[in-house]
Amino acid sequence: MPAKVWLLIIGMALNVTGSSFLWPINTIFMHEHLGKSLTIAGIVLLLNSGAGIIGNLTGGLLFDKLGGFRTIMLGVSISFTTSFLLIWFHDFWTYSILLVFMGFGMGIVFPSMYALTGTMWKEGGRKAFNRIYIAQNVGVALGAALGGLAASYSFTLSFISCSALSFLFFMIVLFGFKGIDEKESGSVQTVFSQKKRIHNKQAFFALLILCGGYLLAWIGYVQWQSTIASYTQDLGVTLRMYSLLWTVNGLFIVLGQPLVNVFLKKWLQSTTSQILVGYVIFIISFVIVGSAKDFSGFMIAMIVLTIGEMLVWPGVPSIAAELAPQGRAGFYQGIVNSTATGGRMLGPLFGGMIADLFNINILFQTIIGLMVLAFMLTIVYIRNRQSIRNTSPSQSASV
């Protein structure tokens, strides 16, 4: 793997770690410290994710127009400025506005990071994007864990840490990314450059069915970073203990990957069966968390959740790559990424409203229902895959 790609991977991990410092505390800070309802907190996080979607689209357009280096510099400049201002200004309205701008800045960065990785290591194929995916997940787990730990001492410490990591990423981009060759950037396809009509409508429709389940799964998963985070506080779980849950999540993702690969080769050779089992594991994790009354219950639920995550999250993008016709891989992956972002956008508001209008147990039952529906949508996809293969004989049997 080229040294420049290693720099991109390190940059991605650092970038996501910094932004993830705020993920486990956003709902807690707004609900417990600023006195806002879970619904209001959910609306703020919805706007944050919505700004991230706009940032993704903007970043894809700017990458084609300006190249990767300048686009990433713009995004990280916005995210660093907002994170720095959060240290000094975090009343509710300022906090909300800065979170929206931070989501926009972070959104600009992501498509350029993925696109540059693809151009710098073309022979790496799917491996290149898998490395970025792992780096992103390590950053999420590490940042969420450290963010909760920092907040157990002071919320301001979390803001300072987020800003410091954002500044470090800014310096890496400024001095490390400038030499990255951007001449091939224009060859990377984005949503804006995809002007061809969709000819294989069966494959595209199948992808939408699969992404429907993916969306529902993300709505459920993101509750761990919003309503469940607040729920643990009500049961006396400290922020330091809550952050330990995400430490375990990160360790499982990194250290458990070889064991998962062996399991997949022996028992779950098709990607669809891998996703179905992942959804079942998600259901089990929410059954466990619904009955959890102390830290040990949440720890067991998190371990189970992480196993399901390791099966589902890589599985859907993998199928999208198999379904994508020649020259449309970027467009299909863009749909998958937008679906995940949409789930992260809708999840906090959805969960906050259910918890406020009813109670947390009703929320858990609702999330289990969404996971069952996600399972059923995947079954619908499987039943249509034979016609997909007939339409596109070159598709892999693993689809």
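**Entry 1: the whole chain**

I began by counting secondary structure elements, and I found that the protein has 15 helices and zero strands. I note at the outset that this is a predicted model, and I read every value below with that in mind. I then looked up burial for the whole protein and saw that, of its 399 residues, 55% count as buried. The accessible surface comes to about 16,700 Å², and carbon and sulfur atoms hold 69% of that area. When I turned to contacts between residues with a separation of 6 or more, I found that 84% of them join residues 24 or more positions apart.

**Entry 2: the nonpolar cores**

Next I asked which residues touch the most other members of the largest nonpolar core. That core has 110 residues, and the ones I was looking for are F159, Y214, W224, F282, F286 and F298. Helix α8, which covers residues 201-221, supplies the largest share of this core, with 13 residues. Another core lies apart from the largest one and has eight residues, including V260, I281, V304 and M310. I wrote beside this that nonpolar side chains tend to be buried together in soluble globular proteins.

I followed F159 further and listed its contacts, leaving out residues up to four places away in sequence. F159 touches L22, I25, F29, S83, L86, I87, H90 and Y95.

**Entry 3: helix α8**

Since α8 gives so much to the core, I checked how well this helix is covered, and I found that 15 of its 21 residues are buried, so that α8 is mostly covered. I also compared its length with expectation: at 1.5 Å a residue, the 21 residues of α8 should span 30 Å, and the end C-alpha atoms are indeed 30 Å apart, which agrees.

**Entry 4: two buried positions**

I looked up G103, which has its place in helix α5, and I asked whether this residue is buried or exposed. G103 counts as buried, because its relative accessibility is 8% and the cut-off for buried is under 20%. Leaving aside neighbours within four places in sequence, G103 is in contact with N48, A51 and G52. I also noted N56, which is 47 residues from G103 in sequence, while the two C-alpha atoms are 9.7 Å apart in space.

L349 came next, and I located this residue in helix α14, residues 329-357. With a relative accessible area of 18%, L349 is buried as well. Its contacts, again without the neighbours within four places in sequence, are T39, G42, I43 and L46. The C-alpha atoms of L349 and S226 are separated by 9.0 Å, although these residues are 123 places apart along the chain.

**Entry 5: residues with more open surface**

Finally I turned to the outside and asked which residues make a nonpolar surface patch of about 430 Å². They are F84, L85, W88 and F89. Of these I followed F89, which lies in the loop between α4 (68-88) and α5 (92-120). F89 is partly exposed, because its relative accessible area of 46% falls between the 20% and 50% limits.

I closed with W6 in helix α1, residues 3-20, which at 46% relative accessibility also counts as partly exposed. W6 and T117 are 111 residues apart in sequence, and I recorded a C-alpha to C-alpha distance of 9.3 Å between them.

Definitions and conventions. Residues are numbered from 1 along each chain as its sequence is written. This is a predicted model: local features need pLDDT of at least 70, side-chain atom pairs count only at pLDDT 80 or more; totals for chains, interfaces and linings use all residues. Side-chain values use heavy atoms; hydrogens and water are left out. Patches are made of residues with over 30% relative accessible area and no salt bridge: like charges are joined within 9 Å, nonpolar side chains (Val, Leu, Ile, Met, Phe, Trp, Tyr) within 5 Å. Accessible areas come from the Shrake-Rupley method with a 1.4 Å probe; for residues, only the protein chains shown count as cover. A salt bridge is a side-chain nitrogen of Lys or Arg within 4 Å of a carboxyl oxygen of Asp or Glu. Helices (H or I, at least four residues) and strands (E, at least two) are DSSP runs, numbered from the N terminus. Buried means under 20% relative accessible area, exposed over 50%, partly exposed in between (1.4 Å probe, protein chains only). A nonpolar core is a set of buried Ala, Val, Leu, Ile, Met, Phe, Trp, Tyr and Cys residues joined through side-chain atoms within 4.5 Å. Contact means heavy atoms within 4.5 Å. The expected span of a helix is 1.5 Å times one less than its number of residues.
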